[in-house]
Amino acid sequence: LEQAGVEASYRVAHAADAADGVLGAAEDIGAELIIVGARALGEGPGAHPGAVAGEVLERASCAVLVVK
């Protein structure tokens with residue numbers, strides 16, 4: 001990305017709720033785009049496919065790219 005002149009950064013978010021962590025990190029850095037996976041890797045409550053991505057998509061104040 002840097003070679004193409006695109007500024008990119010990432011954060012590892014630690015929060016009890018994954019969507020809250022992603023959205024908080026995005027807000028902290030002033031993200032213009034959030035890229036999130038559509039597949040849950042955990043097996044806890046609410047860990048069905050797309051749960052976090054759907055919530056991020058619904059609540060984000062910037063663009064969201066969901067990848068499979």
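Here are some notes on how this small set of helices and strands is put together.

1. Before anything else, this is a predicted model: local features need pLDDT of at least 70, side-chain atom pairs count only at pLDDT 80 or more, and totals for chains, interfaces and linings use all residues. Residues are numbered from 1 along each chain as its sequence is written, and side-chain values use heavy atoms, with hydrogens and water left out.

2. Start with the overall layout. The protein chain has two helices and two strands, and they come in the order α-β-α-β along the sequence. Both kinds of element are DSSP runs numbered from the N terminus: helices are H or I with at least four residues, strands are E with at least two.

3. Now for the inside and outside. Of the 68 residues, 16% are buried; buried means under 20% relative accessible area, exposed means over 50%, and partly exposed is in between (1.4 Å probe, protein chains only). The chain's accessible surface is about 5,400 Å², and carbon and sulfur atoms hold 52% of that. Such areas come from the Shrake-Rupley method with a 1.4 Å probe, and for residues only the protein chains shown count as cover.

4. Take a look at contacts, meaning heavy atoms within 4.5 Å. Among contacts with a separation of 6 or more, 57% join residues 24 or more positions apart.

5. How do β1 and β2 pair? They run in the parallel sense, over five bridges; strands pair if DSSP finds at least two bridges between them. G37 sits opposite V67 in β2.

6. Follow the side chains along β1. I34 and V36 point to one face and are buried, while L33, I35 and G37 point to the other and are not. That fits a general rule: in a regular strand the side chains alternate between the two faces of the sheet.

7. Which residues form the nonpolar surface patch? L33, I35, L65 and V67 do, with about 350 Å² of accessible area together. β1 (33-37) and β2 (63-67) each give at least two residues to it. Patch members have over 30% relative accessible area and no salt bridge; nonpolar side chains (Val, Leu, Ile, Met, Phe, Trp, Tyr) are joined within 5 Å, like charges within 9 Å. A salt bridge puts a side-chain nitrogen of Lys or Arg within 4 Å of a carboxyl oxygen of Asp or Glu.

8. Finally, two residues of β2. L65 is in this strand and counts as partly exposed because its relative accessibility is 41%. A63 is in β2 too, and is partly exposed at 42%. Beyond its neighbours within four places in sequence, A63 contacts E32, L33 and I34.
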